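Hi everyone, thanks for making time this morning. I'd like to walk you through one chain, so please have a look at the screen.

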Amino acid sequence: YEASRQQAMKNKIRGDRKDENKNSCHPNWKSPDHKNKTKTMVIRRRIDGSPIVPIDPGRPVKRVILVRHGESMGQAARSKGWDRQTDRRLLDCRLTFKGVSQALALRKLLQPKDVDSIQLVVCSPLTRALETALLAFPEKSMLVSYDMRELGTKVPENTPRPISQVLSDLHELLQERPKDASLDETSLQPRDWPKDYSPSVIKRDRIRNALHYLYHEREETTIAIVCHYNVIRSAIIDGAKLRPMNAVPIPCMLYSNGDLLLCKEGTIGTGCEKSASL
């Protein structure tokens with residue numbers, strides 16, 4: 001009797017399983033424990049933790065040429081016996097003679113057609129970047145982007161000044177520019193400039209906002225950006241390992257979602273080395 005009872009129970013279990021498999025093929029069937037399952041959205045992130053926003057394949061790509069400024073007096077401070085961390089002579093400093101030569105030679109690193117294709121030069125408001133832009137692209141229209149300034153260290157060379165003082169120091173270079181080459185230093189200027197935003201502003205976010213503005217608010221399709229070592233590393237996707245060299249162009253592609261990716265074309269495609277002084 002006991003053996004018969006156990007066999008009957010086994011047959012019942014097999015029958016229940018067959019019925020469940022049969023019902024699972026029905027479009028309205030749901031698993032008994034479906035109420036206990038919750039859907040979770042997985043957000044893909046990059047190495048630096050920023051979310052990955054899909055690229056819209058239907059939107060055009062803009063070309064961006066990143067340029068780190070020429071050698072600054074801050075970079076040469078040690079050779080002069082100056083303390084780069086405290087010497088007030090380095091406050092928002094200018095280029096060295098070597099840096100001026102680097103800026104003047106920048107155009108030779110680009111093909112003539114690439115120089116001609118640049119429709120706008122965007123530059124940091126710090127003196128060494130604006131001086132580099134004026135030397136390298138004297139005939140181009142320029143826009144000062146205050147979000148493109150170096151940020152993160154309290155050294156004197158990264159301490160901003162009123163833009164009127166910067167332009168006064170660069171008066172001779174400005175006088176040499178053609179009359180039709182505009183310089184817009186006011187459109188993007190914060191009301192409380194030159195307040196130091198270092199403690200509260202996330203560098204990656206402000207740079208991404210600046211790139212978003214260049215893509216969606218500006219009509220130019222080829223733009224040169226003259227800025228800084230850490231800005232370049234933060235602007236390029238997964239660019240933390242890059243070591244941008246002074247006054248060497250870095251061709252990139254800017255997408256509608258704000259992603260800035262390195263171009264893989266040509267020998268200047270990286271413009272970076274494994275080591276370089278800040």
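**A sheet and the helix across it**

Let's start with the overview: the chain has nine helices and seven strands. Do keep in mind that this is a predicted model. Of its 278 residues, 42% are buried. The chain exposes about 16,500 Å², with carbon and sulfur atoms supplying 52% of that area. Among contacts with a separation of 6 or more, 73% join residues 24 or more positions apart.

Now to the sheet. In what order do the seven strands of the open sheet run? Reading across, you get β4-β3-β2-β5-β1-β6-β7, and the pairing is mixed. At the edges sit β4, residues 183–184, and β7, residues 260–262, each of them pairing on one side only.

Let me zoom in on one pair. Strand β2, residues 120–123, runs parallel to strand β5, residues 222–227, and four bridges link them. If you want a spot to click on, L120 has I223 in β5 as its bridge partner.

My favourite part is helix α5, residues 127–136. This helix lies across β2, β3 and β5, at about 135° to β5. So, how many of the residues of α5 are buried? The count is 10 of 10. Charged side chains are on that list too: R128 and E131 are included, alongside residues such as L130, L134 and L135.

And what does the covering? Strands β2, β3 and β5 contribute, and the helices α3 (97–105), α6 (163–169) and α7 (171–175) are also among the elements that cover the buried residues of α5.

That's my tour, and I'm happy to take questions!

Technical notes: Residues are numbered from 1 along each chain as its sequence is written. This is a predicted model: local features need pLDDT of at least 70, side-chain atom pairs count only at pLDDT 80 or more; totals for chains, interfaces and linings use all residues. Side-chain values use heavy atoms; hydrogens and water are left out. Two strands pair if DSSP finds at least two bridges between them. Helices (H or I, at least four residues) and strands (E, at least two) are DSSP runs, numbered from the N terminus. Contact means heavy atoms within 4.5 Å. Axes are lines fitted to C-alpha atoms, for helices over the stretch in contact, and angles run from 0 to 180 degrees between N-to-C directions. Buried means under 20% relative accessible area, exposed over 50%, partly exposed in between (1.4 Å probe, protein chains only). Accessible areas come from the Shrake-Rupley method with a 1.4 Å probe; for residues, only the protein chains shown count as cover.
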